[in-house]
Amino acid sequence: QSGHDDIIAKLSPVITGSDKITSYAGLLSVYQKAVKGSKAPDLIISPEQGTGTPAGKLDFTDTNYRKTLVVFYLSGCGHCDAIMQQLASRQDEIKNSAVRLVAVSADTDKKTFSEALGKLVWKGIASCDYKGMKGGNFINYGVQATPTLLVIDESGNIITRESAVEPALKALSDPSTELWRKIRRPPRPAVPIQLQQQQQQQQQ
């Protein structure tokens with residue numbers, strides 16, 4: 001269910017390692033497909049005509065990008081619309097950090113899909129095969145609810161699977177920058193003026 005991706009990520013290794021389930025078809029596929037730490041399944045892009053986006057398998061190892069953010073969504077879903085608006089408002093910032101944005105829609109109507117993207121002024125890749133949740137990408141990634149966001153690194157490995165923007169954006173952060181924040185020396189505490197004067201008098 002939407003919002004439970006973090007729980008699923010923790011349960012997945014326990015469930016798959018129990019050897020008690022012989023088939024992960026249907027709803028159970030979420031515990032086996034596209035989980036954190038696994039290799040990302042093929043993502044087939046079905047773009048709108050005239051967008052200039054090539055159709056076919058997406059190459060996660062493209063050296064022009066250090067990471068890829070994939071969002072599975074449905075137009076008209078309140079949570080999905082909010083997520084897409086948040087991403088659209090920050091898409092320039094995201095793309096400028098060498099991150100590729102990919103939106104995969106569960107829409108079944110072309111007009112709905114096109115109009116929703118038009119309102120967002122979406123600049124990333126947008127894909128829809130108009131098969132809804134039964135589309136190939138949704139099945140390959142075990143997506144049972146929208147929105148679902150995945151961050152995939154340049155080796156094609158899934159870094160995280162989320163249902164909210166902020167955790168996904170955090171996973172996009174440059175590790176070297178985060179490390180710098182952790183090890184940088186904290187600023188010296190301010191010394192009260194009276195104490196400064198006392199220290200100066202003692203030195204005299």
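Author: A residue is called buried when its relative accessible area is under 20%, exposed when that area is over 50%, and partly exposed in between. The model discussed here is predicted.

Reader: Is A98 buried, partly exposed or exposed?

Author: A98 lies in the loop between α3 (residues 91-96) and β4, and its phi is positive, about 65°, although A98 is not a glycine. Its relative accessibility is 26%, and because the middle class runs between 20% and 50%, the word for A98 is partly exposed.

Reader: How much of the chain is buried, as a share of its 204 residues?

Author: The chain has 8 helices and 7 strands, and of its contacts with a separation of 6 or more, 64% are between residues 24 or more positions apart. With the limit for burial set at under 20% relative accessible area, the buried share of the 204 residues is 38%.

Reader: Which element gives the largest share of the largest nonpolar core?

Author: In soluble globular proteins, nonpolar side chains tend to be buried together. Here the largest nonpolar core has 26 residues, of which L69, V71, Y73, L87 and W122 touch the most other members. At least two residues of this core come from each of β3, α2, β4 (99-105), α4, β6 and α6 (165-171), and the largest share, 5 residues, is supplied by α2.

Reader: How many residues are in the other core, which lies apart from it?

Author: This other core lies apart from the one just described, and its members include F60, Y141, V143 and I152. Of these, Y141 is buried, with a relative accessible area of 0%. The number of residues in this other core is 18.

Reader: How far apart in sequence are the parts that the pair of F72 and Y141 ties together?

Author: A pair of aromatic rings is described by the distance of the centres and the angle of the planes. The pair of F72 and Y141 is tilted, with 5.5 Å from centre to centre and 45° between the planes, and F72, at 0% relative accessibility, counts as buried. Since F72 lies in strand β3 (67-73) and Y141 in the loop between α5 (136-140) and β6 (148-153), the separation in sequence of the parts they tie together is 69 residues.

Reader: Which kind of aromatic pair do F113 and Y130 form?

Author: F113 is buried, with a relative accessible area of 1%, whereas Y130 is partly exposed at 28%. Their ring centres are 6.0 Å apart and their planes make an angle of 85°; because an angle over 60 degrees sets the class, the pair is edge-to-face.

Reader: Which element gives the most to the lining of the largest pocket?

Author: The largest pocket holds about 210 Å³ of space, and its lining divides into 4 nonpolar, 4 polar and 3 charged residues, among them Y73, D81, T112 and K119. Two elements, α2 (78-89) and α4 (110-120), give two or more residues to this lining. The one that gives the most, with 5 residues, is α4.

Reader: Which residue does a cis peptide bond join to T146?

Author: Most residues other than glycine have a negative phi, and most peptide bonds are trans. The bond in question has an omega of about 0°, and the partner of T146 is found in the loop between α5 and β6. The residue joined to T146 by this cis bond is P147.

Conventions:
Residues are numbered from 1 along each chain as its sequence is written. This is a predicted model: local features need pLDDT of at least 70, side-chain atom pairs count only at pLDDT 80 or more; totals for chains, interfaces and linings use all residues. Side-chain values use heavy atoms; hydrogens and water are left out. On a 1 Å grid over the protein atoms alone, a cavity is a set of points where a 1.4 Å probe fits but cannot get out, and a pocket is an open set with protein on both sides within 12 Å along at least five of seven lines; lining residues have an atom within 4 Å of a point. Grid points are joined across faces, edges and corners, and a volume is the space filled by probe spheres set on the points. Helices (H or I, at least four residues) and strands (E, at least two) are DSSP runs, numbered from the N terminus. Ala, Val, Leu, Ile, Met, Phe, Trp, Tyr, Cys and Pro count as nonpolar, Asp, Glu, Lys and Arg as charged, and the others, Gly among them, as polar. Rings of Phe, Tyr and Trp (its six-membered ring) pair if their centres lie within 6.5 Å; planes under 30 degrees apart count as stacked, over 60 as edge-to-face and the rest as tilted. Buried means under 20% relative accessible area, exposed over 50%, partly exposed in between (1.4 Å probe, protein chains only). A nonpolar core is a set of buried Ala, Val, Leu, Ile, Met, Phe, Trp, Tyr and Cys residues joined through side-chain atoms within 4.5 Å. Contact means heavy atoms within 4.5 Å.
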